Each structure stands twice: as structure tokens, then as C-alpha cells.
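Biologist: I have a structure to show you. Shall we go through it with a few short questions?

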Amino acid sequence: MIQSLFILSPTGEVLIERHFRGVVTSRSVCDTFWDRASESINHHGGVSAISDHEELYDSVPPVMEVPGSDQGTLYVISCLRDGLSYLAVCPAEVSPLLILEFLHRVADIFVDYFGFPADESAIKDNFSTVYQLLEEMVDYGWPLTTEPNALKAMIRPPTVMSKLLQSTTVVSDELPSGTVSNMPWRTADVSYSQNEIYVDIVEEVDAIVDASGAVISSDVSGSIQCQCQLSGVPDLLLTFKDPTIIDDWSFHPCVRYSRYEEDSVVSFVPPDGNFELMSYRIVPEKVRSLNPPVFCHPKWNYGDRSTTSGDMRTGRVTLHAGVTTLSSLVFSPSHKGPVVVEDFCVNIPFPRQTRSTSNLRVDFGTAVYNEAAKVLRWNLGKMDASKKASLTCSFSFVSPKVGEEEALDPPHLSLNWKIPLASVSGLTVSGLSVTRESYHPYKGVRNIAKSGIFQVRCS
Amino acid sequence: MHELRMELHSTDRAVKVDAVKKVIASMTVGKDVSMLFTDVLNCVQTGNIELKKLVYLYLINYSKTQPELTLLAVNTFVKDASDSNPLIRALAVRTMGCIRVDRITEYLCDPLSRALRDEDPYVRKTAAVCVAKLYDIAPDLVEERGFIEILHDLISDSNPSVVANGVAALSEIAESSGKDVMRITASVLQKLLAALNECTEWGQVFILDSLAKYTPADGREAEGIIERVTPRLQHANSAVVMSAVKVILSYMELMGSQNSDAIRALTRKLAPPLVTLLNSEPEIQYVALRNINLIVQKRPNILENEIKVFFCKYNDPIYVKMEKLEIIIKLVSEKNIDQVLLELKEYATEVDVDFVRKAVSAIGRCAVKLERAAERCIAVLLELIQTKVNYVVQEAVIVIKDVFRRYPNRYESIIATLCDNLDTLDEPLAKASMIWIIGEYAERIDNADELLETFLETFEEEDPAVQLQLLTATVKCFLKNPEDTQDMVQRVLDMATEESDNPDLRDRGFIYWRLLSTDPDAAKIVVLGDKPVIEDDTFKLEPALLNILIGQIATLSSIYHKPPDSFVVRRRAGLPTEEDDEEDDDDDDEYDEEVRDSSAGGVDLLDMGGMSVNDHKQFTPTAPMTRVAGPEKAGGIEVFSGFVQEGGKIFMELEFSNVSAGQDISTFAIQLNKNAFGLSPANQQVIFQPPVSPGSSGTTRVEMVMNPAMQVPTPNGQNVNPQIQVAIKNMHNNGVFYFAVNLNFECLFSADGEMEKTAFIEAWKSIDDRHELYATVSDLPADSTSIEDVQQKFAAYNIFFIARRPVPNAEGQEVVYFSMKSVHGMTFFAELTFKRGVNAAKVCLKTEATSYGGLAKSALESLLRSD
């Protein structure tokens, strides 16, 4: 199990160090880790971003062997969240997935307690809460309580008030009854003056599309996000109109799995607050017939190829983007009017050899070029099928060696978009009922379709 | 600091809490605040939980350095353990378990036993973990007090968190003690299966992992358990999913072939959860992919239709891409090859050089694997060669050589294209591959001799691999076209035999020379003979290893694809006796006797019987043997290795288990890479006498000498790397394999390390305390607890006894001093502390040679542990 836990700052400094099993792991483990991590920092001029929220040091394998310590070989299992590296040091055989899941959970809890992002300053401002949390989450190197509700019953999150007063609001001396109940996810004695529950069915489309718009591979992952403010201990039953659309699913621990197996209904006592009720994938036939709602055709021109290596050359990129009417999305009955895509955005990475850009012109939206990352971000915002947008931009770059023209090939574009009241699968809720409590809560259900990792290849 | 102290003594609770927080904050950034120990301790008498928690946190941190002072807190602990507030009861029990001070342990037992039966589940779950902590410090005490039985009861507790911790504690104890405390009986099995639905996600992982170690009685039981486990595949936690997959895959083996319908149904159920894992964070994806790699080797049909999900996304981290590529090659089939080729071609234009090369090589591997698609694959490779990107061309040439070996005489038409790109090649492997192709198809290349001629111009500067290929290719060329190439072959043979100092090259040169001069026809048969057709290597783990690894899914071994025992060091008696092969008896005493017999035999052989003065055990230095290479790496040989000193000479002991189905093995050559100790073999030949026949194993020793030229200096302030890299060549089939073994440092202690007492004291004092190294060795075998025995054992390893004395004011404690000197002349001084009746020892080591200190300390620790 976990022998030690380290949390490193974005510059590799040890912020938190905790040893769970009586053995003090030398900090040299962190140095070894940081040496490896620095490789990717030097290589990319920064960490590489997976998406807007995810990033990682891709020179460090998530499970890394560190030989030659006092205790022989140690295994460092790590993840990077909000700029902080979470390192779990294990001396012997262990389930790496368990550790990784746990590290992510720790980071989630920090966000829950200190707000987003749970970064260096959040940790520094809350040392003593961090230690108390770790104490409750791990004992002797084993993950224990990781349910936010159970933790909050024992350790009070820092509030604006307590910060202002710098005082010691005494945590209730009574053990809150929900702490170790048989429903560790639910806090007892919740009470709201207005009872309400919102259910979002979010479907994310991951796709790789070629320059002509043909889909090379696609995958749709759905999740049901709930925002729950219900008093007491309500028992909920969620039913779908057509559950056969769902192919594979995984549930929050609160869901009674056997009920779903038998009747394809989701029966559960919800946690308090925001949570993900379930995630699912849809049947392959639906994915295969997927037609993306947006298009983007890139065209790169590198100018005269005969110039000698090392010289500056000028190239030009042209993009056409827009919303198609041919998409295979299913719209909710409440949806009226034309298809409107929101938060439409195209990220255009330029070739590594690029030195500068000029003559940037767009006829729709705004575009900003990020000099350091060599990425042009084209923000189209809200758009419907009636408009077509185009972008042109010239760029000058260092001509590569003859025979390495290939190296110029620009990285793939990535697209972000969101369409409210739409879904890929057509999954709709047919009913949501509350039992065990007498009140009638306000219930809201809606569908959202959006981009996951959506890429367009240029070649 | 003074201010802090004042604040700690403040009567205002708010000020006090704030002060303790400040102390904790300094502690976390590594500042030493141990001087405030008593002041902080005073704050523990409080009703405020938060304050108490912080003080306890501080206590745990400094209990190690201030054991005496920690004892002052015992009363508080005992009192808190029966507090009316369950939070405080649990906190006290937990903290006491974390303080690893012997005397605290004694006080811990009663509160712990109460806590295990506490009415509050929060206390029970904390107590369950505490049992495992206690077992680590004092296993006897745990067994004596019957705590293990109580843990068994906790598995059927009404609260899920308690169940989870009970299972975790039991598995931990089972693992660390090697005892079967987690034995799954029919009733335990039912308890576990019931708990699986109830307990927390982490507990589910522990339960599933214990289930994976259990072997069901028959197919029906296996099926029954699988049915209960299957719902876990839908869990949101990837660790739960993967452990469930492990249980199902292991049990599927037992279901037998009569049940093929059920197996098919299960196979269908396994695919979706595995695919879902690829939607998680990249770190989790990586671990999942390494495991999927094993799963597709074992049961390819599970994911046969899912190849698309393994296609790489542009911003996947490189380690995820590499793993995906491996799996794509494993899943490629005639059905999906066209799509896969398009993908691989796309990858070949990406930026990351390693990834591009792997993609190019993958195209070739597809060709080798799928005969009907070979032509399409080659077309793609040719297209890539046209891009003239340097590393793409080189990688393509390397892999095309494999294609030629797989399908001889089928695709020569592309040789012309390859020849156009000769000047691009600058890497040895690519050059060697190209030269091999030229030699092999010399008769179809018009200017083969000219091409070889250009390579020959730089013969002397080439890498040995290229030289060898050049030599062979020229000879092939000569045999096919003797008229034009006589000069050339003569020149090559001259260069190889006379000007080169590479023994391999010289040997091969002489053989060709002799063959050509005595019997050119025989030479033709030998050199131009049909080569065995190579096979697709994509399913490369051996079935036996694969089966072991399938049982280890979701563990570290599954990531490194190494069997679990390579994660522990094996220790074996130096002289194996016949009894070794027999099954272990349950009776431990008997086993001890056998060991004694064998070591006594060893003593007689060495004619040292006269030294035996009493009935104490005789110690002969033995090499701790570690498994360093498996049959998959070492050509059908399992290799164990370790180092030992005997008669003033240092030996590397090698044990080869011949697990190949082939022939006897006997003669090898050995070579060591430069290492931190300057070790190199005195003689490069290694002979097993008698030869090791398949299915048996043999042991031999290679004498080592110190060669300063072979020493890699270690930079100041860094720890020495104990690793020795070894290359072994099998002289029968010229197969070469490599392995690395860590040097057990005690074999380098020389016989002249003895010291005068006064000299020792002076040397001890002269070394700065900051260079002290500490370790505590617990769980010592019975013969390491008596100082006399330790002294004897150490003497056998040239670790010399200086003095011993009782520790004042600590009854039953004694310190013993030893000195040792390495053959390089570095001296080490050690202080060992023993306590009567406790099978643990403290080690403190001082040396000027700081970079080697860690090694000497580890050597002492492992000697103490060995029996």
C-alpha cells in the first residue's frame, strides 16, 4: 500500500509530505520524479495540455520504478492536477489503479473543500485542513473514507467566516450520525426549504475526422449529472423511454444495481449536492451512423518548397467552418427553431517551425494567436446553419531540411462545441419519482450534446 | 520560536490552536520543531477535537526521535480510548498504532481489544486497521491476543467500512507474514461475497484481490462466484473493474470446455467495461492498456471487434500512444487491416520520432503477421520511404528485412527502391539490415558488388554489427558471383582477421576463410543454406508466464509484465541438497535441521570442521540468489545470480535452470559492463560441468577480479548504484542475453578489516554525526537475536566484532560494535542495538565513504535477516 504521499508544486518543491507506515521515504524520490518531469517541461516549453482542464508530464510514466533507494526499488505512482503533482510511493506489489483512483479522489476532495482550482496557494493556505483530510482519507497507507459528505461531517471546510475570524469554530463534538452509516454518500439530517433536483444528460462526442469531413473514428460517452437538494432520505426512481440505447454503464455506488439488471430502471438514494449518477456508452449502431453537427475544412499551403533549408518562408492557412443541417442529433421536443451551436471554438496549432503570423482575417467570431504555444484559437461563439465562417492567416516559418518536409505537417485541429437540448443517442427520461418523503420537489431534466476530444486531421 | 512557545501555553484556546497550526505548518515544510515537544504535548489535554488531532499529528511525526517523551502521552491515550465521544476513541487508537515505540505497544492491546468490539462502527473500522499496524511491530502479540480471529468476525460486520478495513487488514497480514490468515473457507467465501455488495469501493478491491488468490473447487463453484462478481464490472472505480476482470479471467480457466456457451457470454460481457476504461484519465488508461495487452494475448476474441477504440488521438500522451500501438498490432486481422494501415500511415507523419518509428515498424509487423495483407503493407512502407524522412526510411529498411525473412523470394521487386536510399542510412541496425538484403539477393541486384564496395570503404569505422553483416554479405556475394568479387572478399577477410580486434569478427572471418579455401561447395551449403522462416512475434509472452500474469492483472507485475516473484528477493542456501526438491514439510523444525545438515556438509568440504568449538551453527558465506533473467529473455534459461566471497576471492554465483525443450547447455562466455566496483571476470569462459540437461539446473562460480579500468566513478554525494550489468553468450547457439544484478556488498568485505578498540573509537568519533545512517530490522530469524550468533555469522563475512556493552538505564538492551573494510580500502563502522526478547535490531552505520554507506548498511540488514 501507500508508504508515503508527496504533493509537489509546479516548480517541483515539496508542499505536502506524509508517511503512513512508520518508514520515512527519502525526498530523493521526488527529485528523481522531478528530473523526469523536467524533461517534458524542457521539451515542450511547458506541460502538455490534453484538454482545457487536463494536462500532464508526458515524460513520466504514471507508474515509475525508482531503484536503489535504502529500501530497494520503490514504485512511484503519480498524477498531475491543477499544476500539482500527486505522488504515491509504494515499496511493494499494489494495485496501481487503486492508487491512481485514490490520488484523483484526493485532488477532487481538495477542489471540493478549497474551490477550483485546488492549486499551490490553496494548499498553502490550508495546511492544517489538508493534513486533517489526509488523516481521515488514509490510514496505514490504505484509502478509507473518500466520500465528500462523510468527510465534511468530520472536518469542516474552511469558510469565509472562519478565515475572517481566524478562529477555531469548534467542530461539533458529537459524531455526526452520517459518518459511517450504511449510506456513506448521504449526509443525514439534510433539510431544504425548497426541494429540487436537476438532471443533465450530457453526451460527449469523441471523434477523429479527416480533412474532407469523413469520420475516421468516433465514440460517444454519456453521463447523467445530478444536482440534488432534497430533504431527508428520499428514494428516487429514474426511468428511461428507451433503455436499450444504452450499451454499457457504470453507476455511482448509491444505485441499486440489481434493479437496473432486472427492470432497466435506476433506483437510488441520492447523495446531497452535485454528483454523477451514472456514465454510459451507447449502442455501436448509433455511433457508427454518427454525423457531426459541425464541420471544419483546413487547407495548408507552405509556399515554395525549393527554398534552401534554414531560410524563412511564408505559408498560408485557410479554414472553412460551420454548422451542418445533416447532423444525426436527436432534439428534445422542447427544442424550437434552427440548430444553434454554442461555445463553438477551433484550436489551430501551427507547425513547430513557425516564427510569426500575419494577415489574420476572420469573417465571423474572433481569433487570437498564442505566440508561446503556437496555437491560434478561433472563437466562433453561437452559430447556426445559416452562416458560414472562414479564416485566413499567413505565417512565416523556418524552412526545414530537404527530405524533412513531412515534419511541417501541422498537428490536428481540435474543435469544441456544445448543443443544448440535443442528444446523440436520443436517450430520454420518461419519469423521475420520489418516495419515502412526502414533499413534491421541483424536477428538471435536460439533454446536452457536446464535444469531447474532437479532432480534425489536416492531411 | 520563543513566541510560539508562549502561545502554546496561552490560556486562550483560539491562540493555542493557532499556535499548534503554526507548528504543524513549519513541520510540513521540513523545519525542525522537535524542541517544542513538551509544550505541544501539554495541549493534548483538551476537549477540542481539532486541537487534539493536530497534537496527535505532531506526536506521530516526532515519536521516533523522542521515544522517551512520547511515553508521557500514554496516559492521555489510554484515557481517550475510553472517552464517551467515538471520534476521540478512534483517534486515540489510531494514533497509538502509528507511534512505533515498543513500550506504547504494551499499552495498546487492551484499548485495541475493546475498540474492536466497540458499539460504534467508526471505532471498529479504525481498530481493524490498527491490528495490521500492531502486527508489523509485534506479530506475536497479535496472535496471542486473538486479534486475527476478531478480524475474521469483522468480515461479517453490519457496516460496510468495517468490512472493508477488516479485509484489508487480513490481506496485509497474510502478505507480510506469508501465513495463510486469509484462507478462504466456504463460510469466509460467503461472507466475502455478501460483503462485496455492501462495502466501500476500496474494500471491494481488497475483497476481489483476495478472491483472485482463491481456487474454486470446481467449475460450478467458479461459475457461481463469477456471477456474483460480474456486477462489479459496472463500477465507476476503474480499480474495482480491473480486479473483477482478474477474478473472472482466472476463474474462466476452471470452467472447462464443456461450458463454452457460458464462456462466450462472459467474453461478451468483458469487452464494454474494458473499452470504458479508455475514456478515463490518461494515467488510468496507461495502466488499463498494459493489462489489456495481457488480456488480448490470453483471449483475443474479447476485443476482436473493438480495434477502433485503440486508435491514437493526437494529444494522447506518448506512453498511451505506444501502448495503443502494441494492442493494435495484436488485434490486427484480415478484416480490419486496411483501416489499420490508414491509421499507421497517419501516425508515421506525426512529430514524435519514437512514436513514428514504432508506427513504421508496426506496418512491417502487420506484414509478417498477415500473409494475405503483406503486399498492401509493403506498398505503404514504400510510400513512406518516398517521403525521404531520414528516420522513417531507416526504420522501414529494418522492418523490410524481417518481411524478406518471412516471405523469401517474393518481394525482391522493391529492392531497387531500397537501393535508391542507401545514403540516408546512418544507423548501424538499418545499415546492417540493408547489407543483409544486398547479400541475400546479390544475384538479382546488378551492382551488388559495387554497393558493397561503397560500404567497405568505411569498414573500420563501422559498428561491429555492420562489420559482421558486411563480412557475411561479401562472402555470399562471392559465392554467387566468384569472378568479379575475388578481390573484394580477400580484402574483407584480411580486414576481419588481421586488422580487427573484435573476437566475434575474427572468428567468423577465419571460419569463412577456411571454408572457402578447403571446400567451396560446403561453404555454399553453409552460407547460402535456407534460413528458418521467422514468425510473427506479436504474441510474444510464453504461455506459462502469460497464465501467471493473468492471475496478476491490476498489479504492478501486470504493468511490467514480469512474474510476481521478481518483485521480491529470493534467498537460498548456498549448497543445494537433494531434499530441496522435495515438497516442503509443514514442520518448521524439520526444515531447520535440513538446512543445518547442508551447511555442516559445506563445512566439511572446505575442511574447516576444526573451527567448530561448540554446538552453535557454523556459518558459511552464501550468495543471496536473485532471479535476474527469465527464459523468455535468456533463450530458455532461467538465471539466478548473486555474489559471494570465499577464500579471499570474490565469485559471482550463477544458477542456470534449463527450461527449454532443446538441448543440454554447458559453455558460455561472460562479460561485465563497467560498474561502480570495478568488478570484471577473471576468465570469460563459464562452464557447467556436468552440462545442464533440459528440465534440470546447474550452478557454477565465476571468479571476479578488481580492475580499476572497469570502474565507473560515482559523483560525490550520490549513492552508488549497486547494479552490475552482465552479458552472457551461449557458445552453442551464439545467443546473447543481458541481465542486471545488484551486488550484495558484503562479498566485498576483506579479511583485513579488523581493528583495535581504541582505533575504532577514534575513527567513530571523527566522523560527523550527519553521516550516520540508520535502519531498524525487525522480524529477525531466531539465530539473529543472540549476539553471539550474530557475531559468528558476521565473522564469516569479514565483519569484525569490536566490543559490546549494555545500554545504561535500559534493561535488556545491548549495543555491539563492528568494523569492516571493503577490498577497495573503504572502512565502515557499525553499531547494532539489540533488546532481549525482541526479534529486532537497530543498525547505525558511519563511514567516510558516504556514497557506499547505504550499500554497507543494506548488506548488514540483509545478513541479519538471513538464516
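What follows is a set of questions and answers on this predicted model.

Biologist: Let's start with chain A. How many helices and strands does chain A have?

Modeller: Helices and strands are counted separately, as runs along the chain. For chain A, the count comes to 8 helices and 27 strands.

Biologist: What share of the residues of chain A count as buried?

Modeller: A residue is called buried when its relative accessible area is under 20%. Chain A has 459 residues. The buried share of them is 55%.

Biologist: And the surface of chain A? How much of the exposed area comes from carbon and sulfur atoms?

Modeller: Chain A exposes about 18,700 Å². Carbon and sulfur atoms supply a part of that area, namely 51%.

Biologist: Now contacts in chain A. What percentage of those with a separation of 6 or more join residues 24 or more positions apart?

Modeller: Take the contacts in chain A with a separation of 6 or more. Then pick out those whose residues lie 24 or more positions apart. They account for 70%.

Biologist: Let's look at one residue. Is Leu290(A) buried or exposed?

Modeller: Leu290(A) sits in the loop between α8 (284–288) and β16 (294–301) of chain A. Its relative accessible area is 7%. The cut-off for buried is under 20%, so Leu290(A) is buried.

Biologist: Which residues does Leu290(A) touch, leaving out those up to four places away in sequence?

Modeller: Sequence distance is no bar to being close in space here: the C-alpha atoms of Leu290(A) and Leu329(A) are 39 residues apart along the chain and separated by 8.0 Å. With the sequence neighbours left out, the residues touched by Leu290(A) are Val205(A), Val215(A), Ser218(A), Ser328(A) and Val424(A).

Biologist: Next, backbone angles. What is the phi of Leu421(A)?

Modeller: Most residues other than glycine have a negative phi. Leu421(A) lies in the loop between β24 (413–420) and β25 (422–423) of chain A. Leu421(A) is partly exposed, at 28% relative accessible area. Its phi is positive, near 60 degrees.

Biologist: Asn798(B) also has a positive phi. Where in chain B is Asn798(B) found?

Modeller: Asn798(B) is not a glycine, yet its phi is about 60 degrees. It is buried, with a relative accessible area of 13%. Its place is the loop between α35 (787–796) and β11 (800–806).

Biologist: Last, charge. Which residues form the negative surface patch?

Modeller: Glu498(B) is one of them. It lies in helix α28 (residues 482–499) of chain B. It is exposed, with a relative accessible area of 60%. The full patch is Glu460(B), Glu461(B), Glu498(B) and Glu499(B).

Notes. Residues numbered from 1 in each chain as written. Chains lettered and ligands numbered in written order. Predicted model: local features only at pLDDT ≥ 70, side-chain atom pairs only at ≥ 80, totals over all residues. Heavy atoms only, no water. Patch = residues over 30% accessible without salt bridge, like charges linked within 9 Å, V, L, I, M, F, W, Y side chains within 5 Å. Areas by Shrake-Rupley, 256 points an atom, 1.4 Å probe, with all protein chains shown as cover. Salt bridge = Lys/Arg side-chain N within 4 Å of Asp/Glu carboxyl O. Lys, Arg positive; Asp, Glu negative; His and termini not counted. Charge placed at Lys NZ, Arg CZ, Asp CG, Glu CD. Helix = DSSP H or I, 4+ residues; strand = E, 2+ residues; numbered from the N terminus. Buried < 20%, exposed > 50% of the residue type's maximum accessible area, 1.4 Å probe, protein only. Contact = heavy atoms within 4.5 Å.
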